[in-house]
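Here are my notes on the model. Please read them alongside the coordinates.

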Amino acid sequence: MLDTASLILAMPELVLTAAGLVLLMIAAYAGDKSAQLVGWLAVASLGLAALTLGSAWTAGGDAFGGLYSGDAFSTFAKGLIYAAAAVSILVAPRFFATGVSGGVLAIRAEYPILILFSCVGMGMMVSAGDMLTLYVGLEMQSLSAYILASFMRQDGRSAEAGLKYFVLGALASGILLYGISLLYGFTGSTSYDGISAAMADGLSSGETFGLVFVLAGLAFKISAVPFHMWTPDVYEGAPTPVTAFFASAPKVAALGLTVRVAMEAMGSAVSSWQQIVVFVALASILFGAIAAIGQTNIKRLLAYSSINNVGFALIGLAAGTAEGVAAVMSYLAIYVVMTLGSFLCVLQMRDASGNPVEDIASLAGLSQSRKGLAAAIAIFMFSLAGIPPLMGFWAKFLVFDAAVAAGMTGLAAFGIAMSVVGAFYYLKIIKTMYFDEPADAYAPAASRLESGLIALCATLIVLGYFFNPLLDALSGAAAAALH
């Protein structure tokens, strides 16, 4: 018998699944010439799925016997995921068309479909109320991601990125599954509520090992130190629209999943996982701040930047409070805008022949040849560095404030100090654009869509404080759903 209430809560995943299957049939019969049509229909499907999120926000609850949770927390995360996925689909055709004779699109019709199925998995990840749902959703997202990373088969770097991602992803999935099996064996349940109830009486040795293995598997998915090793190579080798997707939507899903598991499944053992999260946060902030200094490739630099930002976000989780969770969600919202804006600017980095360029040195003198692009990059770099009054500063302030309120002043002080260190490589890019001798000029902007999206992201970063009351209300409601 169908559970109508459960189906309503899971409507976003149902819409995306149906859309993905229909578009897959269109791609199979019409071939790659349908790529643009499939792309726009995929974006429309994401918009329709976003419209169905309202029921979970207003009347959320558990579905399918506790396997799935449709609440304000998952709704907030899915909204960010769908927005990032839509941008990744929209900007892909021009990138894949580079160097193709006759102007025929080189993009495959399967590209937007893979992103749709990845979004189904990510939606299940942030809505999971059971370890089995968690694992199914995570693997569905990962399988699509492995293909996307190696999407440009003729490019050796892309093939290498896909292989590395697959091998290390399989290892992380094994670690996670082993942790889940330990938790099931020692708690007698795979549901978050059941695990939390079993841990409330104190952790046994088996439960402790299970907790550690689960967090280690999730740390890989969020590319946190010491499970970050795949990130720079995959970010550099994958096609730039795919890298923009990896740096935004899956990051939100993985961090959202980590927060839900920590606060719901392990909420009764906060003191046990808090030390692990603090260590991972400190290591990620330190490594991300230092390792990026010597990078010459802009995508590798942004990869280390993402590791650094994950560390800052985890400071909010380490607080173990509702305020900390709200700070993490606000951080993710601002981070998605900054990251998408940065990678949209990378897409504009093309030589006179229109071929993509990724060397930071090629940005020299950009302020003279492309003033608007240089200004946008400067805004995103200043914001990622946490320079006030841009929104990147507010994101870091929120997690630091949550840590201080939870009595973790030392953790917040370390984060502030590392923000200064990390600012060096962001400011180096700005210095290159505005003060170095000009390099060869980039090709003129050829996409109004990309330029418009860059302008929108930059505007949100500069004027985002006007939306702070709304962001605070949404992130607060999301955090309350877990408490």
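1. Which residues of H18 are buried (under 20% relative accessible area, 1.4 Å probe, protein chains only)? They are Leu373, Ala374, Ala376, Ile377, Ala378, Phe380, Met381, Ser383, Leu384 and Ala385. The model is predicted, with local features needing pLDDT of at least 70 and side-chain atom pairs pLDDT 80 or more, while totals for chains, interfaces and linings use all residues. Residues are numbered from 1 along each chain as its sequence is written, and side-chain values use heavy atoms, without hydrogens and water.

2. Helix H18 covers residues 371-385 (helices are DSSP runs of H or I, at least four residues, numbered from the N terminus). Its 15 residues reach 21 Å from first C-alpha to last, close to the 21 Å expected at 1.5 Å a residue (1.5 Å times one less than the number of residues). Gly386 follows H18 and has a positive phi, near 85 degrees.

3. The buried residues of H18 pack against several helices, including H15 (298-319), H16 (322-347) and H20 (409-435) (contact means heavy atoms within 4.5 Å).

4. The structure holds zero disulfides (pairs of cysteine sulfur atoms within 2.5 Å). The sulfur of Cys119 cannot bond because the closest cysteine sulfur, in Cys457, is 17 Å away, too far for a bond. Cys457 is likewise in no disulfide, and its nearest cysteine sulfur, that of Cys345, is 8.5 Å away. Cys119 is buried at a relative accessible area of 0%, and Cys457 counts as buried at 10%.

Note on methods:
Helices (H or I, at least four residues) and strands (E, at least two) are DSSP runs, numbered from the N terminus. Buried means under 20% relative accessible area, exposed over 50%, partly exposed in between (1.4 Å probe, protein chains only).
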